[in-house]
Amino acid sequence: MNVNDLILISVDDHLLEPPDAFERHMPAQYKSRAPRLQTINGTDTWLYDGRRFPMVGLNAVVGRPREEYGMEPVSYAQMRRGCFDVRARVDDMNVNGVLGGLCFPSFPGFAGGMLLNVDDKDLALATVRAYNDWHVHDWCGAAPGRFIPLGILPLWDVALMAAEVTRLATLGVHAVTFPDNPAISKLPSIHSDYWDPFWKACADNKVVICCHIGTGAAAPHSSMDSPVDAWITSMPIAIANSAADWLFAPMWRKYPDLRMALSEGGIGWIPYFLERADFTYQHHSAWTHSDFGKERPSDVFKRHIITCFIDDRFGLKNLEDVGVDMVTWECDYPHSDCTWPESPELLWNGLKDLAPADLAKVTHENAMREFHYDPFAVLGRANCTVGALRAQAKGVDISPMVLGSLEGDRGPQKPITSGDIVRQLEKQMAGTA
């Protein structure tokens, strides 16, 4: 086996909604209030509910020289078309040898959390459904077999959430996005029975709950003076706190078919995390009254929680302790951690020593099973390998998009701090950037 024989499915990619995303699917009475794109001082900005939502550079830097990465505002003209154009996205997937992708939204927030702050909940609900219909029919539907559809939910009403899960399931959707810690958004905690209708709807319809890093508990940074490198390093691992909360939550016993995914969380930290969870249960449950029955916390984790990695050689060397049957791969296109267009080659360094059965599991089989996704039935297995897909992409231009900094001459180079990033984000959201 070699790189060209791999079959790669990514369970964590992202899209930037095209300017017309909401036009066709928004109900007539809300069309005038639908999200719309406007260019302000050269920056493309979403306008909705009386507010502006600028885009952020690191969300769409694929194909740009790394020296140009940053948090400046961007326009669609300064991105690869694959960020927002589904046909171009498929071309970029082919270039990278990637068969399938699950794409998180951008404008509504990775978990749809932006819509929580809309006062007119009828408008917000119409926006949720319009986004989902666009995502299913216009994005995923444009390229059958190439995408795992992912829905957003009306987080402010659990009955509406359960209804939307059921509606989406009838459209073939088996994944929804949800905050890794809803309590931070002043919603009930995952330990509350408030969420039971949602858990039940997901379990009954075989829908995976995808919790992306940063959707609830933001990765902490030590100070405004800390190098941003330190913040970036700890971001994936920061989901460990939420993972512990989910692991000791009650829904797994109530709904044994329920599944969740720790999206963009990596896997190398998991062996110690599970060792610590088992020790905690054994050593403390007599007084904490946790009850896993005859199982250990690690058993529950490996059965219910899907994990994913970009480039994680330590995790791949320790798959038995991570839980090989629930490990999946992610590309993270078009974000700054993305390894496009060389993902197969970089991934191969960690995969080549795996047993063939384990390699197949983490590259595609686990994702196909857990997300009820069968591209082979649509495309034929022989057409799904890295080599076969790249053969379809010979005319795709992958030359770097050298644009120059949007901030002009920055003067002498100095390390970028966490504070630099926070201040730039605040300026963008205030409309002063």
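Here are legends for a few close-up views of this predicted model.

**View 1. The largest nonpolar core.** This core takes in 112 residues. If you want to know where the contacts pile up, look at F178, F198, W199, I209 and W246, which have the most inside it. Helix α2, spanning residues 121-139, chips in ten residues, the largest share. As a rule of thumb, nonpolar side chains in soluble globular proteins tend to be buried together.

**View 2. Around F198.** Here we zoom in on one of the residues with the most contacts in that core. Setting aside residues up to four places away in sequence, F198 touches L153, V158, M161, A162, V165, V176, F178 and I209. Another core, of 22 residues, lies apart from the largest one. Its members include I148, V208, C308 and C384.

**View 3. Cysteines without a partner.** The disulfide count here is zero. Take C103: its sulfur sits 6.9 Å from the closest cysteine sulfur, the one in C140, so that pair is too far apart for a bond. C211 tells a similar story, because its closest cysteine sulfur, in C210, is 7.6 Å away, again too far. C103 is buried at 2% relative accessibility, and C211 is buried too, at 0%.

**View 4. H191 and its surroundings.** You'll find H191 in the loop between β7 (175-177) and α4 (196-204). With a relative accessible area of 36%, H191 is partly exposed. Beyond its neighbours within four places in sequence, H191 is in contact with D245, F248, A249 and P250. The side chains of H191 and D245 make a polar contact at 2.7 Å. H284 is 93 residues away from H191 along the chain, and their C-alpha atoms are 19 Å apart.

How values were computed. Residues are numbered from 1 along each chain as its sequence is written. This is a predicted model: local features need pLDDT of at least 70, side-chain atom pairs count only at pLDDT 80 or more; totals for chains, interfaces and linings use all residues. Side-chain values use heavy atoms; hydrogens and water are left out. A nonpolar core is a set of buried Ala, Val, Leu, Ile, Met, Phe, Trp, Tyr and Cys residues joined through side-chain atoms within 4.5 Å. Buried means under 20% relative accessible area, exposed over 50%, partly exposed in between (1.4 Å probe, protein chains only). Helices (H or I, at least four residues) and strands (E, at least two) are DSSP runs, numbered from the N terminus. Contact means heavy atoms within 4.5 Å. A disulfide is a pair of cysteine sulfur atoms within 2.5 Å. A polar contact is a pair of N or O atoms within 3.5 Å; within protein, one must be able to donate a hydrogen and the other to accept it, and residues adjacent in sequence count only if both atoms are side-chain atoms.
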